Protein chains: 2
Amino acid sequence: THSFKDRVVSVASACARDLGFEVLACASTGNLANAVAAQAAALGMQSFVFIPSDLEEQKILATGVYGTNVVAVNGNYDDVNRLCTELSGEHESWAFVNVNLRPYYAEGSKTLAYEIGEQLGWTTPDRVVAPIASGSLFTKIGKGFREFRELGLLTGEQPTMSGAQAVGCSPVAQAWEAGTDVCRPVKPDTIAKSLAIGNPADGPYAIDLAKATGGSIEAVTDDEIRAGIRLLAETTGIFTGTAGGTTTATLAKLAEQGAIDPDERVVLVITGDGLKTLDAVRGSFETHVIEPSYSAFEREFAGVA
Amino acid sequence: THSFKDRVVSVASACARDLGFEVLACASTGNLANAVAAQAAALGMQSFVFIPSDLEEQKILATGVYGTNVVAVNGNYDDVNRLCTELSGEHESWAFVNVNLRPYYAEGSKTLAYEIGEQLGWTTPDRVVAPIASGSLFTKIGKGFREFRELGLLTGEQPTMSGAQAVGCSPVAQAWEAGTDVCRPVKPDTIAKSLAIGNPADGPYAIDLAKATGGSIEAVTDDEIRAGIRLLAETTGIFTGTAGGTTTATLAKLAEQGAIDPDERVVLVITGDGLKTLDAVRGSFETHVIEPSYSAFEREFAGVA
């Protein structure tokens, strides 16, 4: 379903079945709802996805199509989460992937490290640039590399970990800047909705990891995020969403600052697809409208083509 | 870019570079524009994509992001095609993937047969159900199986080929029904826009192939297409667009008619992603809106959950 949530749901749902749960569920703001609904359909399990009722219609359409029970809660994501925590206590056969199954769910992010290592011929990269929302993905990538190195499956040093946040929701980057590991909660205001967690549970661990590996945690503006989406698309043919734009913009910023050695082998973690956040690229390029004639084309592109 | 056009553009653009072309271009109604713009970006080539000016904004956004030159032509797809044919005559260094490079482009569809064979352990399936627009993809899948069988790379019989069209644009299915291989042009009116070619160049060859392999060519209604999208999503966790809905609905129809032996190994060719045609699933499911409380949930789902 075009985001890294498929990885974490895959691990959580496999455990849900092993542990005898009958219903798959989640609290979500979009990507996770897609992933849970799709995996439940593929596994033939019943599912419930809980979302804030003001969620964009396109995210609801891409979730409901799988035949899940879409529950739109009149409240914000915190309200949704609270309700899910209560429900998980009352419905013993329900696996909320990011509530009562969260430990398994979180470990699913380690597969990113495994796959990076595999694609690099079972070696580690010098640096990984990855986004930070709750901080779980960021820290679990580090854990994945560490465990595979300890097992002898990967050779090379532990990679430098560089974290990426949006200025409009950057409690971890702010704490990093202030030289503390205490992340003060913020009220999110950014186009990077999938990274907009104002009170990140794993923020302190993300800071520890960045520090221990010689990395840092940066924040970029919404304009830089939009430019990051364009930069990645224009240079690689990969269209990412706002989270990937945040990560790409952070890499660009580090490169401009000279913080990255030109010889470093850097992996940029792109966690979602641009088709999910199309609004972010509106107005970022010009469309040439012409009449259907050769001369009209030549006039419009005189001197260019 | 989430449609099979990536395959045909990949082959055409590789040839474009071998042949010394400098600019990648196409006439497109959406998916092809995405693929050409992305591949050109990945290859570092300049590109021009020509589209009808009434194309949906989301398709334009997902094309322009790659830094291509988006040329919106005031006219229909036929007008766009005509202009591109003229331009290809005047710009010798331009590779229009589906005009002057069409032979290479068309061969790209054979990779579908190669990959199906590989995934089935280098054997052929009993039947392939695939959509028909121009008829090129359908016939080239047949060609791919035939060539790999002749080369000894695949074992098994040539698969039965079943073609799928939308009733609102079904010149090939109508010819099949009438027992002729003459496809009379039609004016398309269907939600399956990517299959809406009223005058399919390879229609007669598609009919020949269906006949030679014991298959058929069917047409399904827009409602059946919507139901096909839902059926695939609910049973497999795969969200396809209207073209895939057409193919799925055709398979369902053949199964209901008893035209498929229960022991057959059938491959359904899904050519595009549901995120590209979200409108088709609007209204196809219920969203439950509740207050953020346990009791509100229990009331809404009394007796269900």
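Within chain A of this predicted model, A:R7 reaches over to A:E115 and makes a salt bridge, with the closest N and O atoms 2.9 Å apart. That is the one salt bridge counted between domain 1 and domain 2 of chain A. Polar contacts add to the picture: six residue pairs, both partners at pLDDT 80 or more, turn up across this domain interface. On the domain 1 side, α1 (5–18), α2 (31–43) and α5 (102–107) of chain A each put in at least two of the residues that touch domain 2. The largest share, three residues, comes from α5(A). Sorted by class, this side of domain 1 splits into three nonpolar, three polar and two charged residues.

As for the domains themselves, domain 1 of chain A spans 5–106 and domain 2 spans 109–281. Their C-alpha centres sit 25 Å apart. Eight residues of domain 1 of chain A meet 11 residues of domain 2 of chain A, and the two domains bury about 910 Å² between them, with 37% of that on carbon and sulfur atoms. A:R7 shows up here again: along with A:N31 and A:A106, A:R7 is among the three residues of domain 1 that lose the most area to domain 2, together 53% of what that side buries.

Turning to the contact between the chains, chain B and chain A bury about 5000 Å² between them, and 68% of this falls on carbon and sulfur atoms. On chain B, the trio B:L61, B:V65 and B:Y294 provides 13% of the area that chain B buries against chain A, more than any other three residues. Each chain brings 59 residues to the contact.

Two salt bridges are counted between chain B and chain A. One of them joins A:R282 to B:E57, with the closest N and O atoms 2.5 Å apart. There are also 18 residue pairs in polar contact between the chains, again with both residues at pLDDT 80 or more. Plenty of elements of chain B take part: α2 (31–43), β2 (46–52), α3 (57–64), β3 (69–73), α4 (77–90), α10 (222–236), β9 (287–290) and α12 (294–300) each supply at least two residues of the side that touches chain A. By class, that side of chain B holds 33 nonpolar, 14 polar and 12 charged residues.

Strand pairing crosses between the chains too. Strand β3 of chain A (residues 69–73) runs parallel to β9(B), and the two pair over four bridges. Within this pairing, A:V71 has B:H288 of β9(B) as its bridge partner.

Terms used:
Residues numbered from 1 in each chain as written. Chains lettered and ligands numbered in written order. Predicted model: local features only at pLDDT ≥ 70, side-chain atom pairs only at ≥ 80, totals over all residues. Heavy atoms only, no water. Contact = heavy atoms within 4.5 Å. Buried area = accessible area lost by both parts, 1.4 Å probe. Salt bridge = Lys/Arg side-chain N within 4 Å of Asp/Glu carboxyl O. Polar contact = N/O pair within 3.5 Å; in protein donor to acceptor, adjacent residues only side chain to side chain. Nonpolar A, V, L, I, M, F, W, Y, C, P; charged D, E, K, R; others polar. Pairing = 2+ DSSP bridges. Domains from an automatic or database assignment.
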